[in-house]
Amino acid sequence: MVHLQICQGTTCYVMGAAQLASLATTLPDDLRGRVRVTGCRCLGLCRDGAFGGAPYVTLDGEPLACATTESVLAALRARLA
Amino acid sequence: MTLNNESDRVKREVLVRVARDLLAGAPEALDRIPLDMRPKGKPFSRCCVYKDRAALRYRVMAALGFRVEDESDELKPLAAYAAEVPSRTRNPEPFISILAEGCSACLESQTTVTNLCRSCLARPCVGNCPKQAVHIKNGRAEIDRDKCVNCGLCAKACSFHAIVQVPLACADACPVDAVGKSEDGRVVIDHERCIRCGRCQKACPFGAIMACSQLADVILKLKAGRTVIALPAPALAGIFPNDRSQLYGALRALGFAAVYDVASGADETARREAAELAERLAAGDGFVTTSCCPAWTETVKRLLPELARFVSHTPSPMRLAAALARADHPEAVLVFIGPCAAKRTEATLAGDPDHVLTAEELGALLVAAGIDVDGCAPAEAVRAGSRAGLRFAVSGGVAAAVAGRFGPGVAPKPYVINGLSPKMIRLLATFAKTGKAPGQLVEVMCCEGGCTAGPCSFEDPARAVARLNALA
């Protein structure tokens, strides 16, 4: 089980996390049941990497910058492989 | 088009960078934005890094509120444009500006046979074409361009999905046929027909249709110490994932002196519209349409003048909220904030509120200022609206609010048009012709789903509606 946290801080949300939020309900078959998706308040990551790295997610605490549905799914598969 | 994509991201990044430079009082940094976003040796999205930079320069120009069409000197620094912002007395109208260099000159919508065609025995493409435009040549279906009317029946009939209809994103999105092509295939907009709905802007995968923002005007007025008042639209409560009082706290943190909820204007619109409706029905009118959606009122003005006498005279929630704020603060700068594109035109033509920001632009401003809404102290609106007022942002909500003002048993019958399309516009034209409609109160919203689905948002409309439903 991987814990996927999607940052709901304002910077991440505006820069694209709004789209990622739907991952909770639309995980593909091979990942369903193997990922726990939660939202979280601002992780503070945007302050170091500037907004250019937003939206951020974390996989078991490890941050992923410029997250898109595609890159998050790839990272989840790599972790579960 | 997915909700958030790379094109939207680029647009937002430009807005954030422009806002950041202006907030920092460093307009000279604006000219570096194209270079910072597309540095040498890093990936680019068009043919080369230089074309990307040229396109970004025009995006900064639009973010500062200048139309590309008005450019007189290609060497004029972006900082020089920023210097003109404080003396600007009128908002750009039409606010849409075309980035011709960005337009990919996509083909006109057309039906094309692909190499999946197996030249089958049945040939339903030939048999179902109403114009005899399809024939078989060299073992493959072929479409005669001169005869084809793009109806798509051959594509539907083919068992192999071998025929495709290639869409033209911008023109197909336009509900009023205002988007066309120049001789070189680039997009052109007929501003006389255009109802300012913003759909083409959202639909273009190249971001070639831009909106001139009023973000720079607002930032510079905030920085100059003017009294700037925020008028947040009901839809914002659904678009931002935060507590509403914290969103208002974030507006205060940005420097807005007070918040007047547009939902309070909506309550006043509902009250006046109910009175007007009762009066007009008593006087023998068959029906009245709502007047709060500016893309709808522009549609009437430009394409359905015969319907004008059926449109309610009641001002929109934005204008009534502005009137409330104006009464309290005659000298203040009033800024409406919502997901709508057309509100820019409504405000510019009415003269009040002074400015319109989109939800996306407010988001960019918060990002630039480094404000996390969840971390803001809650603040209250000077004028707050009711639940019924908040529901103006969802299809059916306006009709429900107006009907709610009537006593039981005497409420008018509502009829809801959820989203303007060519078909709906034809239907509305028949109401004008016959003087009759399926309801006495016809609610029209241009965006399907209501304002929460407006084009200038960053949120999934379904989630925005769910959030608003939970509130109201």
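Which residues touch the most other members of the largest nonpolar core? In this predicted model, they are A:Leu4, A:Leu76, B:Val18, B:Leu64, B:Phe256 and B:Ile337, and the core they belong to counts 94 residues. I would draw your attention to the chain letters: A:Leu4 and A:Leu76 are named here alongside residues of chain B.

Let me take B:Ile337 as an example. Setting aside neighbours within four places in sequence, B:Ile337 is in contact with B:Phe256, itself among the residues I have just listed. Its other partners include B:Ala230, B:Leu231, B:Pro232, B:Ala233 and B:Leu236. Further along the chain, B:Leu357, B:Thr358 and B:Leu362 also contact B:Ile337.

There is, in addition, a second, separate core, made up of 41 residues. Among its members are B:Phe95, B:Val176, B:Ile189 and B:Leu304.

I turn now to the interface. Chain B contributes 24 residues to the contact, and chain A contributes 18. Together the two chains bury about 1700 Å², with 58% of that area on carbon and sulfur atoms. As for polar interactions, 9 residue pairs are in polar contact across the interface, counting pairs with both residues at pLDDT 80 or more. On the side of chain B that touches chain A, the elements giving two or more residues are α1 (6-23), α16 (359-369) and α20 (461-471) of chain B. Of these, α1(B) gives the most, with 6 residues. By class, this side of chain B has 10 nonpolar, 4 polar and 10 charged residues.

How many salt bridges, then, does the rule find across the interface of chain B and chain A? The count is 0.

Note on methods: Residues numbered from 1 in each chain as written. Chains lettered and ligands numbered in written order. Predicted model: local features only at pLDDT ≥ 70, side-chain atom pairs only at ≥ 80, totals over all residues. Heavy atoms only, no water. Contact = heavy atoms within 4.5 Å. Buried area = accessible area lost by both parts, 1.4 Å probe. Salt bridge = Lys/Arg side-chain N within 4 Å of Asp/Glu carboxyl O. Polar contact = N/O pair within 3.5 Å; in protein donor to acceptor, adjacent residues only side chain to side chain. Helix = DSSP H or I, 4+ residues; strand = E, 2+ residues; numbered from the N terminus. Nonpolar A, V, L, I, M, F, W, Y, C, P; charged D, E, K, R; others polar. Core = buried A, V, L, I, M, F, W, Y, C linked by side-chain atoms within 4.5 Å. Buried < 20%, exposed > 50% of the residue type's maximum accessible area, 1.4 Å probe, protein only.
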